[in-house]
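The following note sets out numbered remarks on the structure shown below. They pass from individual residues to the chain as a whole.

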Amino acid sequence: MKKLGITGGVGSGKSRVLKLLEEIYHARVYQADEIARRIQEPGNACYEQIVKTFGREICLEGGGLDRKKLGRLVFSDRKTLETLNALVHPAVNEEIVRLIAREESRGTGLFVLEAALLAKPWYREILDEIWYIRVEREVRMERLAASRGYTKEQTESMMASQPREEEFLAFADRVIDNSGEFSETARQIRQELKRLEQGEAGTLQKK
């Protein structure tokens, strides 16, 4: 099984790339943010650790975490944020490892993990390659304005809070340029998957 990481900034079109990988190449796609949210739901060990650490006052009446209240708590204090991250990040990593093992046992050909940033050495250990979905800044701004109604100021603020392109390029194995027509993006992906597949014919099957 090939294990691929997908990353990129807001407005880069990662969602469309993930959809293509899932629908055309039968990839099993997982998103780190969704994994993190799921393991913080009631019934999960990570949830219990968070409640034990921060108290029941961060819970909603139904038992789930009050994310707004927790957010205000941790982002107002660096040490508190570090405490939360120390609980969540290892649990996310453990879940990713479990998902990889599960997909391998199922005979999955392509495992895809999307995350905002995959620069940590740990990701390099578990993934075969990391792809950076790149889009020209002006194109990203135009797409965000059209698809989400963001103003120029909103988009610039979001971009400023994310890693710079140089940071993505520093750890990415391949760059997929998604600035133009998506047919060209699909061509790049097809080419890179063929290269990744070398020596393992039939692992990635296209419809």
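1. Isoleucine 176 belongs to strand β5, which covers residues 174-177. In this predicted model, isoleucine 176 has a relative accessible area of 0% and is therefore buried, the cut-off being under 20%. Apart from neighbours within four places in sequence, isoleucine 176 is in contact with Trp131, Tyr132, Ile133 and Arg134, and also with Thr185, Gln188, Ile189 and Glu192. Arginine 72 lies far from this site: its C-alpha is 36 Å from that of isoleucine 176, with the two positions 104 residues apart in sequence terms.

2. Valine 135 sits in the loop that connects β4 to α7, the latter being residues 137-148. Although placed in a loop, valine 135 is buried, at 4% relative accessible area. Serine 179 is 44 residues away from valine 135 in sequence, yet the C-alpha atoms of the two are 4.5 Å apart. Serine 179 is also one of the residues that valine 135 touches once those up to four places away are set aside; the others are Gly11, Ser12, Arg140, Arg143 and Asn178.

3. Methionine 159 is part of helix α8, residues 152-160. Its relative accessibility of 8% classes methionine 159 as buried. Beyond neighbours within four places in sequence, methionine 159 makes contact with Val10, Arg137, Arg140 and Met141. Arg140 is thus shared, as it is touched by valine 135 too. By contrast, 33 Å separates the C-alpha atoms of methionine 159 and asparagine 44, which are 115 residues apart along the chain.

4. Phenylalanine 111 is located in strand β3 and is buried, with a relative accessibility of 1%. With residues up to four places away in sequence left out, phenylalanine 111 touches Met1, Lys2, Lys3 and Leu4, together with Arg28, Tyr30, Leu99, Ile100 and Glu103. Leucine 73 is 38 residues from phenylalanine 111 in sequence, and the C-alpha to C-alpha distance is 35 Å.

5. Glutamate 95, in helix α5, deserves a separate remark. Is this acidic residue buried or exposed? Glutamate 95 is buried, because its relative accessible area of 11% is under the 20% cut-off. The side chain of glutamate 95 forms a polar contact of 2.8 Å with the side chain of arginine 98. Among residues beyond four places in sequence, glutamate 95 touches Ile35, Arg38 and Ile39.

6. The backbone at histidine 26 should be noted. Phi of this residue is near 55°, a positive value in a residue other than glycine. Most residues other than glycine have a negative phi. Histidine 26 lies in the loop between α1 (14-25) and β2 (28-31), and it is partly exposed, at 42% relative accessibility.

7. The largest nonpolar core contains 35 residues, and those touching the most other members are Ile35, Ile50, Leu65, Leu70, Ile96, Leu113 and Leu118. At least two residues of this core come from each of α2 (32-39), α3 (45-54), α4 (67-75), α5 (78-105), β3 (110-114), α6 (121-126), β4 (129-134) and α9 (165-171). Helix α5 contributes the most, namely eight residues. A second core, separate from this one, has 18 residues, including Val17, Leu21, Ile189 and Leu193. Ile189 also appears among the contacts of isoleucine 176.

8. Leucine 65 offers a closer view of the packing in the largest core. Disregarding residues up to four places away in sequence, leucine 65 touches Gln40, Tyr47, Ile50, Val51, Ile58, Cys59, Leu60 and Leu70. Ile50 and Leu70 in this list are also among the core residues that touch the most other members.

9. Overall, the protein chain comprises ten helices and five strands, and its C-alpha trace spans about 50 × 45 × 30 Å along the principal axes. Of its 207 residues, 44% are buried. Among contacts with a separation of 6 or more, 71% are between residues 24 or more positions apart.

10. The accessible surface amounts to about 11,800 Å², and carbon and sulfur atoms account for 47% of it. As for charge, the chain carries 35 positive and 34 negative side chains, with the centres of the two sets 2 Å apart.

Conventions
Residues numbered from 1 in each chain as written. Predicted model: local features only at pLDDT ≥ 70, side-chain atom pairs only at ≥ 80, totals over all residues. Heavy atoms only, no water. Helix = DSSP H or I, 4+ residues; strand = E, 2+ residues; numbered from the N terminus. Buried < 20%, exposed > 50% of the residue type's maximum accessible area, 1.4 Å probe, protein only. Contact = heavy atoms within 4.5 Å. Areas by Shrake-Rupley, 256 points an atom, 1.4 Å probe, with all protein chains shown as cover. Lys, Arg positive; Asp, Glu negative; His and termini not counted. Charge placed at Lys NZ, Arg CZ, Asp CG, Glu CD. Core = buried A, V, L, I, M, F, W, Y, C linked by side-chain atoms within 4.5 Å. Polar contact = N/O pair within 3.5 Å; in protein donor to acceptor, adjacent residues only side chain to side chain.
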